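I opened the model to follow one loop residue and the sheet around it, and I kept these entries as I went.

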Amino acid sequence: MTQKATREGVREHNRRLILRSVFSGSATNRAAIAQQTGLAKPTVSDLVGELIEEGLLEEGGRGESTESGGKRPTLLHFRTGARQIIGVSIDALQVQGVLADLSGEVFARHCAELDDVQGDEALTVLQEVINGLIAQLDAPLMCISLGAPGIIQNDVVKSSPTLGWSNLHLAKHLPYDVPIYVGNNTELATRAQASFNTDNAQNLVMVLVNASIEIGIAFGKAAYHHSGDLGSLRILPESEPFNHHLGWRSIKERIESLRMTMPDTSLPDKPTYLDVRYGYQQGDWLCNMLVDELAGHLAQVFAWITALIRPDHIAMAGGVVELGDPFLDLVTRRAAELIPPDLLNAVTFSLAEDQTLSVTGTLAHALSRELGVL
């Protein structure tokens, strides 16, 4: 039994080598694949035939003959439309889902508000979004890739206080007969940011602030690691955890507390980050105090990251980015008060304003897990 599993594992590994070489365009025919991958020509021929039969590769056209002449090779092409992928990201506020082909091109989107529901109710909303995307399939579904907040290990949500999930194996709770891959939202967003949106940054840290605060790390644009949820950390044993200061639910509670002493604030009854930004720009006393507090807490996170990890770039993501560049400038100025200036001067900063980064990351995660092409 062990020997059979090993042979199947080697075969799957070799299939992925072939798919990756054709997908990237670095090898476009059987001989070139054999040369690049080091696989024997009979093995390449056998597996290419298998992949053509499954519809993942197709033949088309002739390549250039070698310098020694001979028959021109038959070209191979990766069929991006052969299968489709569903990628879904869920957080405390909403569920965002996309339907894409094997190149990552999105053909349909479906979203649903979560309104802070948790547990089985959140699972129901997640399934409704997936069903809405399945209804729009026009090719076989290869897999489903999910992103969620919290600690994710081996496709199991070990702990997600935001969603009220603990030791939840999503694949066992969702009625779909395809592989289901699960990753942390921040890790997935970091993967997408490092791959597509950040120039010249080899070591990237993303700080995502929504219902909680998490960080994702990319080293050399290749290795990805999720540090865990920082929301439960405390500066001092007797102090409140970061969630108490930076989670959106806590921020709203802080606004109501401040409103008791500053009733003349311009903030509406149900404020958003954009409302806070506008009030800050207009000199609203409550908004000024709130922004200053938020900047102080985030500055500590930026200082820790800079001192411990020494990244090239820190990107701030999540709903907090709606506070804009002036807020980011304030955070970095406050961070400069906590660590030596030379450390902070070596880092660039940006706002990751694309709110679909986690969803984009689910697609990259799926292609990597299923085909090994990214």
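**Entries on T356 and the five-stranded sheet**

I looked up T356 first and noted it as partly exposed, because its relative accessible area is 21% (buried means under 20%, exposed over 50%, and partly exposed in between, with a 1.4 Å probe and protein chains only). The model is predicted, so I kept in mind that local features need pLDDT of at least 70 and side-chain atom pairs pLDDT 80 or more, while totals for chains, interfaces and linings use all residues. Residues are numbered from 1 along each chain as its sequence is written, and side-chain values use heavy atoms, with hydrogens and water left out.

I placed T356 in the loop between β15 (348-351) and α13, where helices (H or I, at least four residues) and strands (E, at least two) are DSSP runs numbered from the N terminus. Leaving out residues up to four places away in sequence, I found that T356 touches Q96 and R109, contact meaning heavy atoms within 4.5 Å. T356 and G97 are 259 residues apart in sequence, yet their C-alpha atoms are 9.3 Å apart in space.

I then turned to the sheet, which is open and mixed in pairing, with its five strands in the order β5-β4-β3-β6-β10; two strands pair if DSSP finds at least two bridges between them. The edge strands, each pairing on one side only, are β5 (106-113) and β10 (180-184). Strands β3 (residues 84-90) and β6 (residues 141-148) pair in the parallel sense over six bridges, and I85 has C143 in β6 as its bridge partner.
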